[in-house]
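Reader: I've just opened this one and I'm still finding my feet. Could you take me through it, beginning with one small spot and working outwards from there?

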Amino acid sequence: MRDPGRCMDGSFLYLSLETWKYISMPVISAVVGYVTNVVAIKMMFHPIEFIGVWKPWLGWQGIVPRKASKMTGISVDTITESLITEAEIFNRLDPARVADELEEPMIALTDEITDTVMKRHHPALWEAMPLVVRSQVKRRVRAQAPTIIRELMNEVRTNVRYMFDLKGMITRVLVREKNLLNRIFLETGRNEFIFIGRSGAYFGFAFGIVQMLIWVFFQAWWLLPLFGLLVGWATNWLALKMIFNPKKPLRIGRFKIQGLFFKRQQEVAADYGSLVATQILTPQNILEEILTGPYAEKLFALVQTEVQRAIDSSASVARPFVTWTLGSADYERIKAEAVREVVARMPETLSHMTGYAEDAMAIQETLITRLQNLTPLQFEGMLRPAFEEDEWILIAVGAALGLAVGWFQLIVLFSSVFVDRFGGIPGFG
């Protein structure tokens, strides 16, 4: 064995190499801390679908996608119980203003449907009908359109809980767009995730210095794997604790300490409110839920009643002529088809009010303001569930990766120490 005290024939190089190995310990520890934390974050959200051979044991699916049902439920509860309700959304819409917004498309729609239905079933009769009568029928239908809209809006506002399922709508949007749930967490907590990665490097470097100092005086073969495991475990654990603790500002001398997530409540609230308002609680999604959701039949029943009433009122001037020519049964059949046409074209018609609806509902402003005013405990419920239940997995992954790197250090960098002193590393010959 070479004598490290000698300064001739290459011993200086030998000392430099050993010194470099010692210096590398905190650097490698910092890399381990950073990589294990970043990998843990990636494993939270990816892959979206399970990849492996035996679910759930041999393979992996991101924690958030795997817990999508529970995560969705928590997000839905946060929005509907703490931020905004169905009644509040619809009470902000003025029925008269909605009628004004839809008057022009409704007039075009009623004219088109009247011509289409009559020409489809009785083209000769419709052409033979005096022009003044046809014009009067259309004019009366047009006059009824705003009344129909106001009556529908008043009915929906009065019975909104029976006509619109806000929780169901949010759930269906999140289930349909699997990446959206990931986006909520990733965009809302982006600074916290960056901190987790960087803090792994800082904490890892600090642990590495301790490891190096101990290694100078005590070189047990198990020390490096053990420290690798501790670094991987502790850096993840400490990062998570620093994000969510303490919830309220804590003064220590001149310093104020608070969990990063709560310290950024105003900024996080703005990000969360904007994302939910532009991706989930949009006028388009709300209208889609009304028209295709589980309570759509109730709305269509209302539409049917109001439209039939309007047709009877509007066609009163021509009804004696029509019923005498067609018969009451044929008149009812034509009226029913007109109702079906109105219902079928409702999505296109209602889309004309989305600009007004977005301004009137003011969902984004409401969400941001109320999120900013949540208590720390309520605010924690927005993001914490993504970590809490399965955070032990993230910590375990960090510990396992750290252990592997510790073995790498021992075998690749310091195996010569054990070969020289003890004849090898236990378990490696």
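Where is the place of P47, and between which elements does its loop run?

Author: P47 sits in the loop that runs between α1 (11-45) and β1 (51-54). Keep in mind that this is a predicted model. What makes the spot worth a close look is the backbone: H46 and P47 are joined by a cis peptide bond, with omega at about -5°.

Keep that picture in mind and go along the chain to N245 and P246. The peptide bond from N245 to P246 is cis too, and its omega is near -10°. P246 also belongs to a loop, the one between α12 (223-244) and β3 (250-252).

While we're on loops and backbone angles, have a look at A362. This residue has a phi near 50°, which is a positive value in a residue other than glycine. You'll find A362 in the loop between α20 (354-361) and α21 (363-372). With a relative accessible area of 22%, A362 is partly exposed; the cut-off for buried is under 20%, so A362 falls outside that class.

Now zoom out for a moment. The protein's secondary structure comes to 25 helices and four strands. There are 429 residues, and 46% of them are buried. Its accessible surface is about 21900 Å², with 62% of that belonging to carbon and sulfur atoms. Take the contacts between residues at least 6 apart in sequence: 78% of these join residues at least 24 apart.

A couple of residues let you see such long sequence separations up close. Try E101, which lies in helix α5 (residues 95-121). E101 and T354 are 253 residues apart along the chain, yet their C-alpha atoms are separated by 9.4 Å. If you leave aside its neighbours within four places in sequence, E101 is in contact with H352, M353 and Y356. E101 counts as partly exposed, at 26% relative accessibility.

Then try W215, in helix α11. The C-alpha atoms of W215 and Y22 are separated by 8.4 Å, and these two residues are 193 residues apart along the chain. At 0% relative accessibility, W215 counts as buried.

Since you're on α11 anyway, go to R190. Side chains of opposite charge can pair when their charged atoms come close. R190 forms a salt bridge with D271, the closest N and O atoms being 2.9 Å apart. That pair links distant parts of the chain, with D271 in helix α14 and R190 in helix α11, 81 residues apart. R190 also forms a salt bridge with E267, and here the closest N and O atoms are 3.8 Å apart. This pair again links helix α14 (residues 265-279) with helix α11 (residues 190-217), across 77 residues. E267 and R190 are both partly exposed: E267 has a relative accessible area of 35%, and R190 is at 35% as well.

E267 has another partner too. Its side chain meets that of R264 in a salt bridge, 3.0 Å from N to O. R264, though, is buried, with a relative accessible area of 11%. Put the shared partners together and you get one network made of R190, E192, R264, E267 and D271. In total, the count comes to nine salt bridges.

Next, follow the chain to helix α15 (residues 283-292). This helix is mostly covered, as seven of its 10 residues are buried. Those buried residues are P283, N285, I286, L287, E289, I290 and L291.

Finally, let's see how two helices meet. Two packed helices are described by the angle between their axes and the distance between the axes. For helix α9 (residues 166-176) and helix α10 (residues 178-188), the axes come within 4 Å and cross at roughly 100°. That makes α9 roughly perpendicular to α10. On the α9 side, the contact is made by V173, L174, V175 and R176, and on the α10 side by K178, L180, L181 and I184. Sorted by type, the residues of this contact divide into six nonpolar, two charged and no polar.

Technical notes: Residues numbered from 1 in each chain as written. Predicted model: local features only at pLDDT ≥ 70, side-chain atom pairs only at ≥ 80, totals over all residues. Heavy atoms only, no water. Axes fitted to C-alpha atoms, helices over the stretch in contact; angles between N-to-C directions. Helix = DSSP H or I, 4+ residues; strand = E, 2+ residues; numbered from the N terminus. Parallel < 35°, antiparallel > 145°, perpendicular 65-115°, else oblique. Contact = heavy atoms within 4.5 Å. Nonpolar A, V, L, I, M, F, W, Y, C, P; charged D, E, K, R; others polar. Salt bridge = Lys/Arg side-chain N within 4 Å of Asp/Glu carboxyl O. Buried < 20%, exposed > 50% of the residue type's maximum accessible area, 1.4 Å probe, protein only. Areas by Shrake-Rupley, 256 points an atom, 1.4 Å probe, with all protein chains shown as cover.
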